[in-house]
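This report describes the chains of one structure, their overall form and selected local features. The sequence and the coordinates are shown below.

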Amino acid sequence: MRYLPHTDIDRAAMLDTIGADSVDALFSDVPSDLYLDGPVEGLPLHASEMAVERHMRRLSKKNLAAADTPFFLGAGAYRHHVPATVDHIIQRGEFLTAYTPYQPEIAQGTLQMLFEFQTQVARLYGCAIANASMYDGSTACWEAMVMAERITKRTRVVCAAGLHPHYVSVATTLARFTRASVDTAVPVLEAGAGEDAIIDRIDEETSCVVVQYPDILGRIPDLQRIADAAHDKGALLIAVNTEPVALGALEAPGDLGADIVVGEGQAIGVGLQFGGPYLGLFAIANPRHVRQMPGRLCGETIDADGKRGFVLTLSTREQHIRREKATSNICTNSGLCALAFSVHMTLLGDAGLSRLAAVNHALACKAADRLGRVPGLKVLNDTFFNEFTVTFDRDARQLVRDLADKGILAGISLGRLFPDEASLSGGLLVTVTETSTEEDIEALANALQEALS
Amino acid sequence: MNINQSGWRPGTPVAADEAIAYPTATGNRALMLEEPLIFEIGTDQTSGVDLPEPDADAPNRLGSFARTKPTGLPGLSEPETVRHYTRLSRQNYAIDLGLFPLGSCTMKHNPRLNEKVARMPGFADVHPLQPTDTVQGALEVIDQLSHWLIALTGMSAVAMSPKAGAHGELCGILCIRAALEARGDPRSVVLVPESAHGTNPATAAFAGYEVEGIPADSDGRVDLAALKNRLGPDVAGVMITNPNTCGLFERDMKTISEAVHAAGGLVYCDGANFNAIMGRVRPGDLGIDAMHINLHKTFSTPHGGGGPGSGPVVLSEALAPFAPLPFVTKHADGSMHLVEEENAGAEFPDSFGRMTAFHGQMGMFTRALTYILSHGADGLRQASGDAVLNANYVLRSLDDVLDAPFGAAGPCMHEALFGDDGFADGLSTLDFSKGLIDEGFHPMTMYFPLVVHGAMLVEPTETESKGALDQFVMAMRSLARRARDGDETLKTAPHHAPRARLDEALAARKPTLTWSEPGG
């Protein structure tokens, strides 16, 4: 077994030091009727590197990779080009195989990176402070709701209809077991994002209003207007962003009145990975809320020689210290994904992010115009960034499957996202990024035209 | 928001440098290099990526929300970026550099085959919402890993979506809560023994339960009588860690489970230490209803400087129907089926909902499955045996120079526990640990578990050779002697790390959590 260094001579010498007869004797505290005397039955024995690689490659080949096909999926998970440098850096053993930086003297690499990451996220979101990352966007969103409850001492959450249904689902699942109530709505196929409908639901019991920006149909809601309405009633605005590249082109949510900004950072540096690991981003506009914030924080300090250094800080909020008084379920962050995000963001910089956003938007506009010319198909959105909704008189679920059979991954049917809403079944969310080519767009338009005729 | 307006750099010599022999103008010392922040070296005009020039008359559908001011994000060219992060990496300790004796946190070798496999395009470049026909191999990875986890634990089902150990704990507790509610018997209290992980009470409280502690006995195990006395109709369940945080197997686990079940409660086991018993004891045989498995601890997915983790939860027959969406099932014809909101329907009506947006940590599943297949059933059993052998070797090699409070309680499992009894006045476990840094090792877990004063929890893991252990033991014996003799230089250790002791109190008192221009 190539990962186990001991020879039998080593084992015998060590057992001699311990004073035990055998390795099995070290398990003498296990009742003998519960102790297995050999490998678990029905499972294969160890395999060579070559054999395992062959097995896994075979499984991998059963999947249709995004790069191998015209690909238009998004809805909280985006395909962007990741520079080779990103993967090189995250595979450096000193980052990949390091532990949580609780011993700051020998973890300055991870800590300085986290401090830089926090600053990058805060600036991207237009906020004062960001944490060292969360599990993913959906759990960050739920933790933001819990944080709003602590700040406002209210328990009613109002979710905009355009919030990702999986994020709503995570919140309603967890709210069921706690004190909160989650008021949700289902989107209607209208061009505007329906700010009036959200504002009407805000009342004096409302702890927070949760608005996705851009929303699940690709529309761009008027955050400032909703923020003003929420603040009038003493509620907080939580802005949710699932596509950080959009913030290279759009105003930062923190600058539009959001009190807490959360999101999914996967689009920068992380890759699709069939849904995880992803990168939850979490930032706050008001520094006074920092002690109510979930997750790890890295802070600047000095060492005994007066040199600048970094440490994890304010950890008295965390589970392993506060035990039953802890304020969140977060016991880790997504350190390596945060590193990938930070490296990619450093390669981009303001200039690169703005340009990447412009390229995404321009291609998405082209695609919307081209699809809009397909008979029987209507483009819903008048505003969007790099994803938009198209509608037609057919169940989009079947259409997506039919196009997949032809080797085109056309988008995500709203029926899959909102299975209980018949009114949305003729909707398809189409996402275009810099990885899409004009040929891909043409292929999608032609395939849709054929399918709809 | 400025970037690099002042030209200020760290490395500007600080007062203390005058005390250092042979000061340098840069603050660098040969291969030990000081590295500025990206905000101090980047600019808003620099970029390390090439992108097409945007079309000047491209359409704009951003509405009235187009960005009007810069983000303040610094950019670096590609070579500057590589150099920045490579320099930072050299200030980190890592398992690739040496032994990481962190008890309960389990830092073992991370095979590079795992990394290679996780990057195969069929795993790395697929979207979670692709039509299931196009991701049969990815679903098969989940199914095969599930099969191993179920077989190794002797349980009925596994929930794969939890994103970390604590998230898995929450999943298990919510399954318990859903099951009790389904039988019309909601209860209010969860019992957590002292020897359990610190996250356990946090999880139970987060799920809406009152938390009550159960003491440890003088042996470092759960006080069985105290536990039995507390059971009653208000107790939803017990959260127990086995092997526990004292590094000991809970001998009475089966008796405990039977007592909890008889009182109408359910048993959660924190599986963070499953690596000690895998292939040798099946938690299902111990009567456990739910247990999370930290894939990074037991199945070698990398820790990554603090995540991402992954915490699948194995479930007993009683809890299996309540598992969260989504999950994978296999049809008779061998095709893989994804159960989510769209199709859970009448077949899976009791699922308690969704814990995360997509299917969990797929990138960790491919790594864990690769590791499991490499070891096989025989190798996994050997791994737990070698882990326990190594821990006992360390325990017996040090128990004459360090206090080992439960050293007489029988063999330890995968980790050896020491206390600070015997240290000279004024010297602490912290000083001892910082001394270990100078010896070239990462410190062990400190001040945990809480039941031992000045605790030091040492877990060598199965991937350390006898030679590496002997060198570690030598360093520990030297430090034990210095701590006993009151060596004052320990109080200012480490002396050879990239940084001397950092002022953590200052960081908490005046939090500086983002960079801003000095004086700006």
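## The span 384–484 of chain B

In this predicted model, residues 384–484 of chain B are 44% helix and 8% strand. The C-alpha atoms at the two ends of this span lie 34 Å apart. An unreviewed UniProt entry assigns the feature "domain: Glycine dehydrogenase C-terminal" to residues 384–484 of chain B.

## The span 191–304 of chain B

The UniProt record, also an unreviewed entry, places "domain: Aminotransferase class V" at residues 191–304 of chain B. Helix accounts for 25% of this span and strand for 20%, and its end C-alpha atoms are separated by 33 Å.

## The surroundings of B:Thr298

B:Thr298 belongs to helix 10 of chain B, which covers residues 295–298. Its relative accessible area is 0%; because the cut-off for a buried residue is under 20%, B:Thr298 counts as buried. When neighbours within four places in sequence are set aside, B:Thr298 is in contact with B:Lys108, B:Phe274, B:Asn275, B:Met278, B:Ile293 and B:Tyr371.

## Overall form of chain B

Chain B contains 14 helices and twelve strands. Its radius of gyration is 26 Å, close to the 24 Å that the globule rule gives for 520 residues, so chain B is as compact as a globular protein of that length. The C-alpha trace of chain B extends over about 75 × 70 × 45 Å along its principal axes.

Of the 520 residues in chain B, 64% are buried. Among contacts in chain B with a separation of 6 or more, 72% join residues 24 or more positions apart. The exposed area of chain B is about 17,100 Å², and carbon and sulfur atoms supply 51% of it. Chain B carries 40 positive and 63 negative charges, whose mean positions are 3 Å apart.

## Overall form of chain A

Chain A has 14 helices and 13 strands. A compact globule of 453 residues would have a radius of gyration near 22 Å, and the 25 Å of chain A agrees with this. Along its principal axes, the C-alpha trace of chain A spans about 80 × 55 × 50 Å.

Buried residues form 69% of the 453 residues in chain A. Residues 24 or more positions apart provide 72% of the contacts in chain A with a separation of 6 or more. The accessible surface of chain A is about 14,100 Å², with 48% belonging to carbon and sulfur atoms. The 39 positive and 57 negative charges of chain A have mean positions 1 Å apart.

How values were computed. Residues numbered from 1 in each chain as written. Chains lettered and ligands numbered in written order. Predicted model: local features only at pLDDT ≥ 70, side-chain atom pairs only at ≥ 80, totals over all residues. Heavy atoms only, no water. Helix = DSSP H or I, 4+ residues; strand = E, 2+ residues; numbered from the N terminus. Rg over C-alpha atoms; globule rule 2.2 N^0.38 Å. Buried < 20%, exposed > 50% of the residue type's maximum accessible area, 1.4 Å probe, protein only. Contact = heavy atoms within 4.5 Å. Areas by Shrake-Rupley, 256 points an atom, 1.4 Å probe, with all protein chains shown as cover. Lys, Arg positive; Asp, Glu negative; His and termini not counted. Charge placed at Lys NZ, Arg CZ, Asp CG, Glu CD. UniProt positions renumbered as here; feature names shortened; annotations may be inferred.
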